[in-house]
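Thanks for coming. I will put the structure up and then walk through a few places in it.

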Amino acid sequence: MLAELQLDPELLTGFVDVVGITDVTRDVKTFELRAAWMPTVDFEPGQYVTMRIPELGCERCYSISSAPFGTNTFTITVKRVVGGVVSTYLHDSVRVGDRVHVDGPYGLFSTSFHPAQRHLFLSAGSGITPIMSMVRSLLARQGGPSTDIAFVHSAATPVDIIFRAELEQLAELAGVSVTILCSRDSEVETWTGRRGRLDAATLAEVVPDAAERETFVCGPSGYMDAVRPLLAEAGVGQVHEESFVFATAPADRVAKARAGGRAAMSAAPAGACHTIDFVGSARRVDCDSDTTVLDAALDAGLSMPSSCSEGACGTCKSTLVSGEVEMNHAGGIRPKEIAAGKFLPCCSTPLTDLVVER
């Protein structure tokens, strides 16, 4: 079982209370969570938390769907994934009054980190969740610049439109343009709006000034792959993406690293070899300056929890007892944690010999 941690009033790391559950669509639920030990949950719109389910031995990242309104509650909006262990557990087993463990917030996918006067948001399916956090936050600003938002969302059918009522309300606001596309009708509704998938012609028609906007994109991998060339063709240069693509097992992680190779990321001489002492397992492994600490550990047969390969989720977070690393993370660790000696093995290469508390 995951032990209770000493709770830091400045960090969203610990067991939170489930204080509300709302059905959003037939396979999407919003979970309202409260961090009782914090006066205010501090996060940037668009960021996410890593949720750990100890009884399942699993971790998953979920975007925060609410805006940061200065309270100790926040929401995640979760789509049930066929075969998805964690999403199925959340939908079928979690009830109001239960507690779940979260760690965060993480991520750089936020209007706070990429401020602009004009925004373009493109989403598909549950990719709308971090987008809605940013849109809600932008609309809640007081005394700031005028709102100029173009929002294009894609769904399979009308009943699959997440936050549909809110999107329809947003479309009535000055300075906000909302376009919804559905690929097909549902069994209970014929879609009368735009149909099909987002293409160059539709993008040019509904957002003719796309090239002048700071753009945020989130959705399934197929959607992301299709949107990139559309944005390039439209001359959109400032594009930010969010996606969670995790390895399914340590063997997959090592295989991925070996197949793709790793670019030299450290300032150490190319090919320099260092030793890593893992205190918890009393093991010493060799690691060259082009290999991450996680890859070296897994390749040596050591067990180390991990999910992503880009320093995004925080699952592999460890304590660096001594030594120096070059860490190229994607928002999966906080400055306060780095100052306390924490690091992410999945995106860190050694600059010296290391001692790791694992």
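**Rings, backbone and one buried acid**

Both Tyr48 and Tyr106 have buried side chains to start us off: each of these two residues counts as buried. Before going on, please keep in mind that this is a predicted model.

The two tyrosines also pair with each other. Their rings sit 6.2 Å apart, centre to centre, with 55 degrees between the planes, and the pair of Tyr48 and Tyr106 is classed as tilted. In sequence they are 58 residues apart: Tyr48 belongs to strand S3, residues 48–53, and Tyr106 to strand S6, residues 99–106, and the pair links these distant parts of the chain.

Strand S6 has another feature. Pro105 is found in that strand, and the peptide bond joining Gly104 and Pro105 is cis, with omega at about -5 degrees.

Now the phenylalanines. How are the rings of Phe121 and Phe151 arranged? Their centres are 6.3 Å apart and the planes meet at 65 degrees; pairs over 60 degrees count as edge-to-face, so Phe121 and Phe151 are an edge-to-face pair. Phe121 is in strand S7, residues 119–124, and Phe151 is in strand S8, residues 149–155, so this pair ties together parts 30 residues apart in sequence. Are these two rings buried or exposed? Phe121 is buried, with a relative accessible area of 0%, and Phe151 is buried as well, at 1%.

This pair belongs to a cluster: ring pairs link Phe109, Phe121, Phe151 and Phe216. Over the whole structure, the search finds 4 aromatic pairs.

Next, Phe163. Where does Phe163 lie? It lies in the loop between S8 and helix H3, which covers 164–170. Phe163 is not a glycine, yet its phi is positive, at about 60 degrees. The cut-off for buried is under 20% relative accessible area, so Phe163, at 10%, counts as buried. Arg136 lies over the face of the Phe163 ring, 4.7 Å from the ring centre.

Ala282 is another non-glycine residue with a positive phi, in this case about 55 degrees. Ala282 sits in the loop between strand S13, 273–278, and strand S14, 283–288. With a relative accessible area of 71%, Ala282 is exposed.

One more residue, Glu242, in strand S12, residues 239–242. Which side chain of opposite charge is nearest to Glu242? That is Arg228, and it is 11 Å away; Glu242 is buried and has no salt bridge. What does Glu242 touch, then, leaving aside its neighbours within four places in sequence? Its contacts are Gly46, Tyr48, Phe109, Val217, Cys218, Gly219 and Met224. Two of those names have come up already: Tyr48, from the tilted pair, and Phe109, from the phenylalanine cluster.

To finish, the chain as a whole. Its secondary structure comes to 8 helices and 19 strands. Of its 358 residues, 49% are buried. Taking contacts between residues at least 6 apart in sequence, 67% join residues at least 24 apart. The exposed area is about 16300 Å², and carbon and sulfur atoms supply 51% of that.

That is what I have for today.

Notes: Residues numbered from 1 in each chain as written. Predicted model: local features only at pLDDT ≥ 70, side-chain atom pairs only at ≥ 80, totals over all residues. Heavy atoms only, no water. Helix = DSSP H or I, 4+ residues; strand = E, 2+ residues; numbered from the N terminus. Buried < 20%, exposed > 50% of the residue type's maximum accessible area, 1.4 Å probe, protein only. Contact = heavy atoms within 4.5 Å. Areas by Shrake-Rupley, 256 points an atom, 1.4 Å probe, with all protein chains shown as cover. Phe/Tyr/Trp six-rings, centres within 6.5 Å; stacked < 30°, edge-to-face > 60°. Lys NZ or Arg CZ within 6 Å of the ring centre and 35° of its normal. Lys, Arg positive; Asp, Glu negative; His and termini not counted. Salt bridge = Lys/Arg side-chain N within 4 Å of Asp/Glu carboxyl O.
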